[in-house]
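Please open the model in your viewer and keep the sequence panel beside it, since the tour moves from one selection to the next. At each stop you will be told what to select and what can be found there.

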Amino acid sequence: MKINIASFGGRAHLLDLARELENLGHDVRFYSYVPNKRAIAFGLTRHSSCSLYYFAMPFLILFKIFGFRRNLLYFYRIIYDWLVAVLMPPCDVFIGQVPMHYHSMKRAKTHFKAVTICESGLSNIDKYISILKSIGAKDYPHLDVSRYRKCYKTADYIAVASLFSKKGFIENGFDDKTLFMNPYGVSINNFRPTRLTSEPYDCIVVGQWCKRKGSDMVISVCKKYGYRLLHVGSIVDIDFPQDSNFRHIDAVPESELLNYYSMAKVFLFPSYEDGFGLVLIQAAACGLPIVCSPNTGGPTLREMLSDKKWIVVMNNVSEEELNLGILNALKLSQSQKGERNYVHDDLNQLTWKSYGERYEQFLKDVVFKDK
């Protein structure tokens with residue numbers, strides 16, 4: 001199959017998908033602003049890497065100066081989308097990220113008669129907005145919401161990574177037959193069983209420190225009960241505490257995260273909303289007991305494991321449930337001796353290789369079954 005894959009801009013999970021589909025023998029073109037040299041370092045061949053880095057550079061400079069302002073981001077998406085639409089060759093399948101790839105998806109469908117798949121990292125946009133409003137987070141820009149809806153309408157299929165995300169689409173009127181659920185994978189070269197370092201933190205949070213990710217609950221619970229917390233990632237819309245039991249590390253390359261996972265007993269992911277959460281699989285591969293909200297990919301990951309007790313899913317998104325989850329997970333952690341590893345034989349289905357194989361099987365069994 002000839003498959004064109006377009007990322008929101010950077011690597012995301014779609015570079016991993018492009019690499020795996022290429023390894024399975026498909027003719028793949030991957031569009032992003034990742035420089036070809038860097039894409040090749042992640043395993044993609046030069047043939048498949050179609051970098052738009054120099055086209056995106058003016059916007060990348062403006063983002064660095066002014067931040068991701070709404071209007072600037074909107075025009076970046078429009079221009080980048082048209083570039084992909086014009087530059088990409090004919091294909092059998094087009095895979096693009098919402099809300100970026102509307103015109104490119106439309107062109108692939110009308111000009112190339114390609115099957116189009118919309119990759120949704122978030123839950124359904126209307127579900128997403130509803131949750132953000134309920135917690136007092138920022139409203140989502142109207143122009144972007146319009147693009148989300150147009151992408152949904154144009155695509156033949158919508159790819160989601162979790163049962164939570166899938167349910168959100170069904171609740172908003174989408175046909176189950178148009179939804180493809182495929183949980184993300186993990187690089188087993190970067191994430192593997194760990195041994196706890198001396199004097200470990202009780203908990204670790206990896207990723208954005210923000211309202212949507214439940215950072216407000218983490219602060220309250222850790223202050224109230226004295227848990228020692230390590231955070232690795234960017235600070236978004238909630239100030240990081242200066243208390244002695246809190247420690248912050250700026251975002252680090254993926255290859256360095258293993259060192260930090262080994263410094264904590266329990267991994268926390270109490271998001272109010274998350275389409276999946278790649279860090280969940282990273283933490284599981286490193287052997288950390290996980291506490292997560294039901295509004296994430298945690299329940300989906302739990303169902304993929306033979307020994308499900310290591311993923312503690314909160315009954316609801318609240319401070320009380322978060323604390324109960326932490327207490328449960330800390331007890332589990334006390335039972336771990338030496339190298340922490342509870343995925344064992346389940347690891348095979350958690351890799352990017354398995355993610356790509358599931359995608360290929362979907363294309364063969366569902367998309368092209370009558371061709």
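Helices here are DSSP runs of H or I with at least four residues, numbered from the N terminus, and by that numbering Glu 360 lies in helix α14. The model you are looking at is a predicted one.

Begin by selecting Glu 360, and then display whatever surrounds its side chain. Is Glu 360 buried or exposed? Because buried means under 20% relative accessible area, Glu 360 counts as buried at its 11% relative accessibility. Leaving aside residues up to four places away in sequence, Glu 360 touches Leu 21, Leu 24 and His 26.

Stay in the same helix and select Trp 352 together with Tyr 355, which both lie in α14 (residues 352-367) and are three residues apart, about one turn of the helix. An α-helix has 3.6 residues a turn, so residues three or four places apart point the same way. The rings of Trp 352 and Tyr 355 form an edge-to-face aromatic pair, with 5.2 Å from centre to centre and 85 degrees between the planes. Trp 352 has 7% relative accessibility and therefore counts as buried, and Tyr 355, at 1%, counts as buried too.

Now widen the selection to Tyr 157, Phe 180, Tyr 184, Phe 276, Tyr 359 and Phe 362, which ring pairs link with Trp 352 and Tyr 355 into a cluster. Over the whole structure, the search finds 26 aromatic pairs.

For another aromatic ring, go to Tyr 201 and show Arg 228 with it. The charged end of Arg 228 sits over the ring of Tyr 201, at 4.3 Å from the centre of that ring.

Next, select helix α9 (residues 215-225) and colour its buried residues, which are Ser 215, Met 217, Val 218, Ile 219, Val 221 and Cys 222. To see what covers these buried residues, add the surrounding elements, among them the strands β8 (201-206), β9 (229-232), β10 (246-249) and β11 (264-269), as well as helix α13 (319-334). Just after α9, look at the backbone of Gly 226, which takes a positive phi of about 75 degrees.

Within α9, centre the view on Ser 215, which counts as buried because its relative accessibility is 3%. Which residues does Ser 215 touch, not counting those up to four places away in sequence? They are Gln 208, Trp 209, Cys 210 and Ile 238. If you then draw a distance from Ser 215 to Asp 92, the two turn out to be 42 Å apart in space, C-alpha to C-alpha, and 123 residues apart in sequence.

Move on to helix α5 (residues 103-111), where the residues to colour as buried are His 103, Ser 104, Met 105 and Ala 108. Just after α5, Lys 113 takes a positive phi of about 55 degrees.

The last stop is an internal space. One cavity of 30 Å³ or more is found in a search of the whole structure, and the volume of the largest cavity is about 30 Å³. Select Phe 55, Ala 56, Phe 59, Tyr 76, Ile 79, Tyr 80 and Leu 83 to display the lining of this largest cavity. The elements that give two or more residues to that lining are α3 (53-66) and α4 (70-87), and α4 gives the most, with four residues. Coloured by class, the lining shows seven nonpolar residues, no polar residues and no charged ones.

Conventions
Residues are numbered from 1 along each chain as its sequence is written. This is a predicted model: local features need pLDDT of at least 70, side-chain atom pairs count only at pLDDT 80 or more; totals for chains, interfaces and linings use all residues. Side-chain values use heavy atoms; hydrogens and water are left out. On a 1 Å grid over the protein atoms alone, a cavity is a set of points where a 1.4 Å probe fits but cannot get out, and a pocket is an open set with protein on both sides within 12 Å along at least five of seven lines; lining residues have an atom within 4 Å of a point. Grid points are joined across faces, edges and corners, and a volume is the space filled by probe spheres set on the points. Ala, Val, Leu, Ile, Met, Phe, Trp, Tyr, Cys and Pro count as nonpolar, Asp, Glu, Lys and Arg as charged, and the others, Gly among them, as polar. Rings of Phe, Tyr and Trp (its six-membered ring) pair if their centres lie within 6.5 Å; planes under 30 degrees apart count as stacked, over 60 as edge-to-face and the rest as tilted. Buried means under 20% relative accessible area, exposed over 50%, partly exposed in between (1.4 Å probe, protein chains only). A charge sits over a ring if NZ of Lys or CZ of Arg is within 6 Å of the ring centre and within 35 degrees of the ring normal. Contact means heavy atoms within 4.5 Å.
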